[in-house]
Amino acid sequence: MTPEDQKQPPVWHRALSGGVLLLIGLGMLAIGWDYPVGQLTQMGPGFVPRAIALMICAIAAAIITIDVQNPRLGRGDDIHWRGLIFVAAAILIFAGLVDVAGLVPSMFLAVAVSMFADKQVKPLTVLIYSVVATLIGWLLFLVILELPIPAFWRWS
């Protein structure tokens, strides 16, 4: 046993991230189990959640397998708090504003806030990228897919 082997975390510690992801996938499966799945041509409300839960479980199994079998794989750096905070804030902003302000303003703000996860981002880049991403989102979700989401806030 080399000194590097002694520095490796135990097996359960290496498999922890995959285990947490597996629990999330299994939880999603349990919650959505009673929803009708339907068929591929006519999906029920449980089709997409169940498909996503199964993909999460498969990814978790792969992570566990890789982490347990290859303890010498390089571990990542420390947690990047800036990215975690700004991306989480962007998700919360979108979730909180989409019903109140509409898709376009909430998507614009979410993209703009998430861009600040990068330390070197410039305000003009944020503005251009946010406008382009919002236009693509509007085109995809409201024009092509015709989702019943208002583009802008409701006046009534």
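**Helix packing in a predicted all-helical chain**

Helix α5 (residues 81-97) and α6 have axes that come within 8 Å and cross at roughly 170°; here axes are lines fitted to C-alpha atoms, for helices over the stretch in contact, and angles run from 0 to 180 degrees between N-to-C directions. That angle makes α5 roughly antiparallel to α6, since angles over 145 degrees count as roughly antiparallel, under 35 as roughly parallel, 65 to 115 as roughly perpendicular and the rest as oblique. On the α5 side the contact is made by Phe86, Ala89, Ala90, Ile93, Phe94 and Leu97, and on the α6 side by Leu103, Ser106, Met107, Leu109, Ala110, Val113 and Ser114. Contact means heavy atoms within 4.5 Å. The residues of this contact of α5 with α6 divide into 11 nonpolar, 2 polar and no charged; Ala, Val, Leu, Ile, Met, Phe, Trp, Tyr, Cys and Pro count as nonpolar, Asp, Glu, Lys and Arg as charged, and the others, Gly among them, as polar.

The model is predicted: local features need pLDDT of at least 70, side-chain atom pairs count only at pLDDT 80 or more, and totals for chains, interfaces and linings use all residues. Residues are numbered from 1 along each chain as its sequence is written, and side-chain values use heavy atoms, with hydrogens and water left out.

The protein chain as a whole has 7 helices and 0 strands, where helices (H or I, at least four residues) and strands (E, at least two) are DSSP runs numbered from the N terminus. Read from the N terminus on, its elements run α-α-α-α-α-α-α. Of contacts in the chain between residues at least 6 apart in sequence, 60% join residues at least 24 apart. Of the 156 residues, 22% count as buried; buried means under 20% relative accessible area, exposed over 50%, and partly exposed in between (1.4 Å probe, protein chains only). The chain exposes about 11,400 Å², of which carbon and sulfur atoms supply 71%. Accessible areas come from the Shrake-Rupley method with a 1.4 Å probe, and for residues only the protein chains shown count as cover.

Helix α6 (residues 103-115) also packs against helix α7 (residues 123-144), at an angle of about 140° and with the axes 8 Å apart. That makes α6 oblique to α7. The crossing of α6 past α7 is right-handed; a crossing is right-handed if the near helix is turned clockwise from the far one by less than a right angle, and left-handed if anticlockwise. From α6, Leu103, Val104, Met107, Phe108, Val111, Ala112 and Met115 take part, and their partners in α7 include Tyr129, Trp138 and Phe141. By class, the contact of α6 with α7 has 15 nonpolar, 4 polar and no charged residues.

Tyr129 offers a closer view of this pairing. It lies in helix α7 and is partly exposed, with a relative accessible area of 48%. Leaving aside neighbours within four places in sequence, Tyr129 is in contact with Val111 and Met115. The C-alpha atoms of Tyr129 and Val111 are separated by 7.9 Å, and these residues are 18 apart along the chain.

Toward the N terminus, the axes of helix α3 (residues 16-32) and helix α4 (residues 47-69) come within 8 Å and cross at roughly 160°. The two helices α3 and α4 are therefore roughly antiparallel to each other, and their crossing is left-handed. The α3 residues in this contact include Gly18, Leu22, Gly25 and Leu29, while those of α4 include Arg50, Ile56, Ile63 and Asp67. By class, the contact of α3 with α4 has 15 nonpolar, 5 polar and 2 charged residues.

Two residues add detail to this region. Ala58 is placed in helix α4 and counts as partly exposed, at 47% relative accessibility. Its C-alpha atom is 9.7 Å from that of Leu21, with their positions 37 residues apart along the chain. His13, in helix α2 (residues 11-14), is partly exposed, with a relative accessible area of 40%. His13 and Asp67 are 54 residues apart in sequence, and 9.4 Å apart in space from C-alpha to C-alpha.

The last residue to consider is Glu146, in the segment after α7. Although Glu146 is not a glycine, it has a positive phi of about 50°. At 62% relative accessibility, Glu146 counts as exposed.
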